[in-house]
Structures are given as C-alpha cells and as structure tokens.
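Please open the model in your viewer, show the side chains as sticks, and keep the selection panel at hand. The tour moves from one selection to the next and says what is found at each stop.

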Amino acid sequence: MADSSSAPAPAPPTEELSNLHLDEVTGERVSKTELKKRQKQYKKEADKAAKAAAAPPKPEGSSKPKNNAGEEEKDLNPNQYHEIRTRHINERMAASLFPQEPRDQPLPHKFSVTYDDSKFFEEFGHLKSGETDETKEIRIAGRIYNKRASGSKLIFYDIRTSADTVSIGTQLQVVCQAQLIKEGSSFEKQHENLRRGDVIGIVGHAGRTNPKNKLAEGKEGELSIFASEIILLSPCLHMLPSVRFPFADSEQRARMRYLDMLWNDKTREALWQRSRMVRFIREFFHERRFIEVETPMMHAIAGGATALPFTTHHNDLDMDMFMRVAPELFLKKMIVGQFGKVFELGKNFRNEGIDLTHNPEFTSCEFYWAYADVYDVMALTEELVSSLVLQLTGSYKTKFTTQHGEVYDVNWEAPWRRVEMIPELERATGEKFPPFEELHTDATNEFLRNVCKKMNVECPPPFTNARMIDKLTGEFIENTCVNPTFIMEHPQMMSPLAKYHRSKKGLCERFEAFVCKKEIANAYTELNNPFDQRLRFEEQARQKDAGDDEAQLVDESFLNALEYGLPPTGGWGLGIDRLAMFITNNYSIREVLAFPFLREDKQQQGKEKFAAEIVNVEPLPVEGIRRSSTDRSP
C-alpha cells in the first residue's frame with residue numbers, strides 16, 4: 001500500500017552537475033569553494049617543491065629508513081600517487097606469480113579470520129600498561145587508515161575491521177616490533193610495501209602499550225594487537241582522503257559511494273542502522289504469524305498506487321510492461337487465495353521527481369491482514385514503529401535536523417495524534433466545505449479552486465478535486481506533523497482502493513502516518529466490493545483521459561479475483577527509506593540508500609586512467625562464438 005497521493009515533481013537537488021568545477025590535478029568535479037581551497041594548496045606545494053629543488057643536496061646516509069616508506073608520498077597529488085602505486089604493485093605481482101610463500105602474493109586467495117574483533121576490548125580490557133596476553137592467538141583482518149613509524153624497528157597501524165550485524169566495525173591499533181616477527185621472516189619486507197587503504201591480515205596477541213608520557217599523566221597505554229605477522233591481502237591503489245585532500249563534497253560522495261562508506265563512519269552507520277531496521281520489521285511480522293511473500297516486479301498494468309510508472313519491454317512476448325509502483329493488488333489476491341496474513345519487503349519504481357525525500361527506486365513494506373480494519377492497523381503501526389525506534393536508539397525520543405538546520409525533537413511513543421482531514425482543513429481555511437458525499441462534484445471543484453486562490457496555494461494542473469485537497473492538506477495539516485500523526489478519513493475519490501467509511505458517506509476508512517512533516521505510511525480498510533471497485537477504477541481511467549498520468553487503469557484480473565470473495569481486510573504500506581532517514585537523522589534520502597540514483601556524469605568519463613591502462617595490461621583472450629552448422633555466412 002504505497003503512497004497514493006502524488007505531489008508535483010519537485011526541483012532537483014542542489015548538487016547539480018552544472019554547479020561543479022573540474023579539478024585538473026585530480027580529475028574530480030567539485031564545488032567552487034572546494035576548488036579554490038585546492039588551488040591554494042597546490043600553489044603552496046609548488047612553492048615548496050621549488051624551494052626544495054633550490055636547496056643543497058642532503059648528505060649521504062640522511063635518508064629515512066625504508067619502513068618510513070610512504071612519508072615522501074605525502075607530497076604527491078592523488079593522480080601522481082595512483083600512477084606510482086599502480087606501477088609498483090603491478091611489478092610486485094609480476095615478480096610473485098609463483099611465490100614460495102603465500103604471503104609474497106599481493107592478492108592471496110584466502111586469509112583465515114578466527115577472532116571476533118567486537119569482543120576485543122571487553123575480553124582484554126583488564127590488561128595494564130606493558131602487559132600482554134600471549135596465551136591466545138588473534139587472527140583478524142582490516143583496512144589501514146594510518147601508518148606511523150618510530151625508527152626502523154617499530155611501526156604502528158590504525159586499522160578498522162568490516163561491519164557486520166553486531167557493529168559497524170572496530171577501530172584497533174596494531175603494534176609491529178622487529179623482535180616479535182616470526183623466525184625466518186623479514187620485518188622490513190613485511191612492512192615496506194604497506195600503505196594507507198591496504199587490506200591486511202594480522203596474526204598476533206593482545207597487549208597494552210607502555211608509553212612514558214601517558215604513564216606520567218597517570219593514564220594507561222592503548223590496548224593493541226602486537227603482531228607477529230602482517231600479510232597484504234589487497235592493496236589500495238588510490239590515495240585515501242586526508243586533511244589536504246578531503247572527501248566531503250556531497251556529489252563526489254554519492255558518485256564514489258564505496259569510498260564514502262569506507263571513509264565516513266556516519267555513512268556506514270546509517271546503512272547499518274537501516275539493515276537493523278529491516279531485520280526488526282521482518283521479525284516483528286514473523287512473530288505475529290504473517291507470511292513473507294514475493295510478488296512480480298513487472299506488471300502488464302501499472303496498479304496499486306496513484307503514480308507514474310517506468311515502462312519496459314518483453315522481447316519474447318513483444319509487449320510493453322511496467323515496473324511495479326506497488327505490490328498491493330497481488331498481495332490482496334493472496335488474501336483471496338486463503339493466506340490470512342501476508343507481507344512483502346521489496347522495491348518499487350516510480351517515474352517521478354528526485355528530491356531530498358524521493359528516489360525513483362525505493363523500498364517499501366506492505367502487509368495485508370484478513371478480518372482486520374484500519375483501526376486495527378493503526379494500533380499495529382504505533383506498536384511497530386515505536387518499538388522499532390526504542391530498539392534502535394534506546395529511547396522513544398530522537399532528534400531530526402532539516403536541510404535548513406532546524407532541529408525537531410520527535411517523540412515516537414504511542415498513542416499518536418489523530419487528525420480528521422476535512423474538519424481540520426475547515427479550521428485552517430475558515431471555509432465550510434461541501435458535504436462529504438458531494439466532494440467529488442464539479443461544484444466542489446469550483447469551491448476548491450476559490451479556496452486555493454484565497455489561501456495562496458498553488459496546485460499544478462490537472463485541477464482535479466483530489467489533487468487540490470491533497471495540496472491543501474500538504475500546506476495546512478502535514479506541516480503541523482512533527483511528532484507522529486495519523487491524518488484520517490480521506491475523501492473517497494482520493495482513495496480508489498480504500499473501503500467507504502461505515503458511517504460517513506463520501507469518506508473512506510484510510511489514514512496516512514506523518515512524522516517530521518513527511519509521510520511514512522499509508523493504510524486503509526480494503527475495498528472488497530467488486531461492483532464499487534469497478535466504478536472507482538473507471539473513474540480513475542476518466543481522470544487519466546483528462547490528463548492525469550498518475551491515475552490508475554482498470555485491472556480486470558484484480559476485479560475478477562474480488563468476485564471470488566476478499567474477506568474484510570486491513571492493508572498497510574510503509575516507506576523503509578524515509579523512516580530510515582528520520583531514525584538516523586539524515587535529511588537526504590541519498591544518505592540511507594547504498595547507491596542512490598544519479599544523473600550520468602558525461603564530463604567525467606575518460607578523465608582518469610584506470611590502473612590497467614597505466615601499466616598497459618593486455619586483455620585475456622576471449623573464447624570465440626561457435627557458429628551453427630546451418631550458418632553459412634563467412
């Protein structure tokens with residue numbers, strides 16, 4: 001049960017490609033402010049290089065130890081670093097195609113991780129400065145975020161492990177001392193080729209460092225892994241972001257999402273929390289005996305929600321099809337088919353505007369519950385969402401910051417506020433609306449045009465009664481919904497799939513749940529009258545003929561299913577992406593999508609060479625296509 005109300009396509013996001021400028025050094029497109037900062041930095045570097053070139057040569061023996069390798073690379077820009085690093089790793093790989101030991105291979109097939117890094121601080125936190133625990137071998141893997149050398153025989157790495165269901169990863173210090181290395185191995189050889197960004201395997205034991213400066217202040221050393229062996233598992237060919245080359249531009253972060261996840265803990269945490277949210281919802285329904293099902297993603301008719309679909313084509317059948325805008329009609333067919341409680345978590349596609357809260361491809365959860373009504377669904381919604389927030393954040397109260405810096409204090413605890421749509425619009429506009437059963441008439445259309453004009457509310461064409469009421473609701477009711485609120489009892493003509501109100505003719509039994517002024521859920525008592533449903537579909541078809549591209553068509557297959565008897569049913573749909581935004585305090589939907597939809601960056605194509613191009617890797621031979629015995633072409 002996806003969002004059936006449709007707002008006009010909003011303006012695109014502010015991070016337009018046309019507002020970005022080319023950094024000729026790195027090949028990236030960044031904001032004007034960022035480009036100016038970088039150009040100043042490049043000038044400083046050029047002046048520094050010129051000064052160094054004019055200085056007398058250093059005396060012999062004054063060079064840094066080999067294990068400080070990488071220090072001199074700090075003066076390189078990202079493109080220079082990429083080229084040098086790529087050539088170096090390629091040479092090393094060519095020299096170790098048949099290594100005597102697996103650790104000589106820069107890209108080994110496997111590394112056995114046997115320790116749960118999330119338990120490290122809990123298990124070894126009791127160690128005092130200078131103490132170690134050599135009774136337990138620790139084998140973990142992680143990515144290097146920082147490397148520091150103290151002479152040629154002592155190196156420190158700051159690593160982070162990968163996210164899993166327990167945490168977003170653990171940050172650890174790894175201490176490498178020459179005297180701890182395994183017999184027969186070279187300390188220098190293990191560390192001279194390691195750089196920031198490399199993925200490494202670590203074998204060692206737990207211990208706590210013993211720094212004199214901290215001890216003098218009465219503080220303990222840092223709990224660390226004292227490594228006896230470090231193995232390069234996967235080299236990073238690019239320079240990681242730094243103070244000199246930051247990674248904060250929103251457009252750049254969206255286009256290089258893998259680097260955004262790698263570098264920014266906040267990004268990784270938002271996606272991690274989203275995963276926890278989906279798991280909680282799935283378990284919530286399983287515990288209440290709902291069956292999870294899957295329904296088609298391609299439909300012959302775009303139905304289930306008032307929205308503009310994406311069109312595709314089936315070659316074998318030579319027919320146009322639509323990517324689903326909602327799974328509603330198929331799920332209700334399952335209720336007809338003797339499934340009493342069903343739900344589906346999956347993707348929907350709507351060919352509409354992109355803005356801070358809309359993405360063309362989005363995830364929803366829909367459920368259908370036989371023998372229930374909208375009021376049962378309302379209570380279940382409060383229970384689900386409030387318990388979800390408590391589980392994820394530890395409290396019913398959260399904060400949400402808008403793109404303008406306005407901070408909302410949100411209380412998710414049940415019961416939620418309830419608002420009846422038409423009476424609330426009457427209070428907001430000071431106008432007495434026509435009787436409920438006349439809200440669909442031409443006279444009401446003229447009335448609504450006058451109200452919109454009086455209240456300075458702009459509604460783009462077509463000027464249908466449903467669109468104008470929806471626009472007025474957005475202006476005068478939705479904007480009051482910071483805490484979770486149910487907007488209830490919509491006019492019937494706004495809800496072609498909802499059942500008419502049992503006591504208020506002209507209205508239907510429906511609610512939309514709003515929080516932080518945005519819709520998160522939509523639900524109703526399902527219409528199970530096959531005669532009434534046909535009339536509603538035909539009315540939608542007339543609206544489509546009048547120019548409303550988002551109106552639904554007549555779905556004969558669904559109407560036929562209704563004739564076999566749909567029990568009294570409560571149905572519900574929730575936007576996973578939008579709820580994740582509010583729980584993780586992100587005002588942009590991009591931040592809670594692993595890979596958000598982006599415009600094609602044509603200006604960036606071909607600007608930067610790939611690693612294979614830098615070292616001139618020859619492509620592997622491709623197996624030829626065997627011709628058929630009947631193919632006589634040359």
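**Starting at F285**

In this predicted model, select F285 and look past its neighbours within four places in sequence: it is in contact with F290, F343, C365, F367, L380, L384 and W572. Widen the selection to the largest nonpolar core, which has 45 residues, and look for the members that touch the most others, namely M277, I281, F285, W412, F511, W572 and L579. Helix α10, residues 374-393, can be coloured next, as this helix gives the most to the core, with 9 residues. Apart from this core lies another, of 24 residues, and selecting I140, V174, I181 and A227 will show some of its members.

**Aromatic rings**

Now display the rings of the whole structure, where a search finds 20 aromatic pairs. How are the rings of F280 and F284 arranged? Their centres are 6.5 Å apart and their planes lie at 25°, which is under the 30 degrees that counts as stacked, so the pair is described as stacked. F280 and F284 are both in helix α8, residues 265-287, where they stand 4 residues apart, or about one turn of the helix, and both are buried. Extend the selection to F285, F290, F343, F367, W369 and W572, and you have the cluster that ring pairs link together with F280 and F284.

Two arginines are worth adding to the view. R288 lies over the face of F284, at 3.6 Å from the ring centre, while elsewhere R160 lies over the face of Y145, at 4.1 Å from the ring centre.

**The sheet and its helices**

Switch to a cartoon view and follow the open sheet of 8 strands, whose order is β8-β12-β13-β20-β19-β18-β17-β16 and whose pairing is mixed. The edge strands, each pairing on one side only, are β8 (291-292) and β16 (417-420). Zoom in on β8, which pairs with strand β12 (residues 341-349) in the parallel sense over 2 bridges; here E292 has F343 of β12 as its bridge partner. Helix α8 packs on the sheet, where it touches β8, β12, β13 (361-370) and β20 (569-575), and its direction makes about 150° with that of β12.

As a last selection, take helix α9, residues 328-336, which lies across β12, β13, β19 (518-525) and β20 and runs at about 25° to β13.

Terms used
Residues numbered from 1 in each chain as written. Predicted model: local features only at pLDDT ≥ 70, side-chain atom pairs only at ≥ 80, totals over all residues. Heavy atoms only, no water. Core = buried A, V, L, I, M, F, W, Y, C linked by side-chain atoms within 4.5 Å. Buried < 20%, exposed > 50% of the residue type's maximum accessible area, 1.4 Å probe, protein only. Contact = heavy atoms within 4.5 Å. Phe/Tyr/Trp six-rings, centres within 6.5 Å; stacked < 30°, edge-to-face > 60°. Lys NZ or Arg CZ within 6 Å of the ring centre and 35° of its normal. Pairing = 2+ DSSP bridges. Axes fitted to C-alpha atoms, helices over the stretch in contact; angles between N-to-C directions.
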